[in-house]
Amino acid sequence: MAEHDPLTNLFNRRRFRDELKHQVALSKRYGNKGALLFLDLDNFKYYNDTYGHLKGDKLRLELSGILRKGLRGTDILARLGGDEFAIILPYADKDKALSISSHLLEPVVEVKNNILHSYEVLLRMIGEAGEHILPNEFLATAERFGHIRAIDRWVVSKSIRLMAEYELDKKGNCLGCLGINLSGKAFTDPELTHIIKDELSAKGMVNKKAVPFSEDLFVKMER
């Protein structure tokens, strides 16, 4: 009981910390690759406050079961507390970690009719050999050389255009909501709001809303 979460029976924060230290030690000694994932539930507090703690516990319990099914037998899953989960992927390179992460995020549907309701916009740079380069490998450089605002603006514009172009996805589901994570510089960009309004207006999406959310600017576009 000292090492397991009483609700989900997953490893708790204490046991997870020990497992992480062990995996890091193995990596240093043998050169093994691995990946670390953190997950939480967006707006879980509002769900918990609206439907009550019993419903909130049921949701977290169901999520833990979904995560278990989406992982390999050697992967280590823990609940750190609240709606926060963490996963260690031993012997996983970058491509494998991306594959598993994408598989876990496929858990995003509208419960009432079981169709996809929201999408998260993920930024990738294409390398010289055609490989995908993750944001943590180029955003710091972009910010250092003053390009981060241009990237923020491009992401917003491109996302709105994609919503207008692909109003329905291949399965006929409406692209009702896109989540976009921007840099902290977005808060002080005087042009960003104008860009959002102009793009929405140009694409006939004037009823959409742009809402600042959390520490990053979360642009939420709804019908």
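In the predicted model, the buried residues of helix 6 are Ile148, Asp152, Val155, Val156, Ser157, Ser159, Ile160 and Met163, a list that takes in polar side chains such as Asp152 and Ser157 alongside nonpolar ones such as Val155 and Met163. An α-helix has 3.6 residues a turn, so residues three or four places apart point the same way. Helix 6 itself covers residues 148–165, and because a rise of 1.5 Å a residue gives an expected span of 26 Å for its 18 residues, the separation of 26 Å between its end C-alpha atoms agrees with that expectation.

Helix 6 belongs to a fold of seven helices and seven strands, arranged from the N terminus in the order α-β-α-α-β-β-α-β-β-β-α-α-β-α. Of the 223 residues in the protein, 32% are buried, while the accessible surface amounts to about 14800 Å², with 54% of that area belonging to carbon and sulfur atoms.

The largest nonpolar core comprises 14 residues, within which Leu67, Leu71, Leu77, Ile87, Leu89 and Leu104 have the most contacts. Two or more residues are contributed to this core by each of strand 1 (34–40), helix 3 (53–69), strand 3 (84–90) and helix 4 (94–104). A second, separate core of nine residues includes Val156, Ile160, Ile180 and Leu192, and of these Val156 and Ile160 are also among the buried residues of helix 6.

The surroundings of isoleucine 87 can be described in further detail. When neighbours within four places in sequence are set aside, isoleucine 87 is in contact with Phe16, Ala35, Leu36, Leu37, Leu39, Leu71, Ile76, Leu77 and Leu104; among these partners, Leu71, Leu77 and Leu104 are, like Ile87, listed with the residues that have the most contacts inside the largest core.

Terms used
Residues are numbered from 1 along each chain as its sequence is written. This is a predicted model: local features need pLDDT of at least 70, side-chain atom pairs count only at pLDDT 80 or more; totals for chains, interfaces and linings use all residues. Side-chain values use heavy atoms; hydrogens and water are left out. Helices (H or I, at least four residues) and strands (E, at least two) are DSSP runs, numbered from the N terminus. Buried means under 20% relative accessible area, exposed over 50%, partly exposed in between (1.4 Å probe, protein chains only). Accessible areas come from the Shrake-Rupley method with a 1.4 Å probe; for residues, only the protein chains shown count as cover. The expected span of a helix is 1.5 Å times one less than its number of residues. A nonpolar core is a set of buried Ala, Val, Leu, Ile, Met, Phe, Trp, Tyr and Cys residues joined through side-chain atoms within 4.5 Å. Contact means heavy atoms within 4.5 Å.
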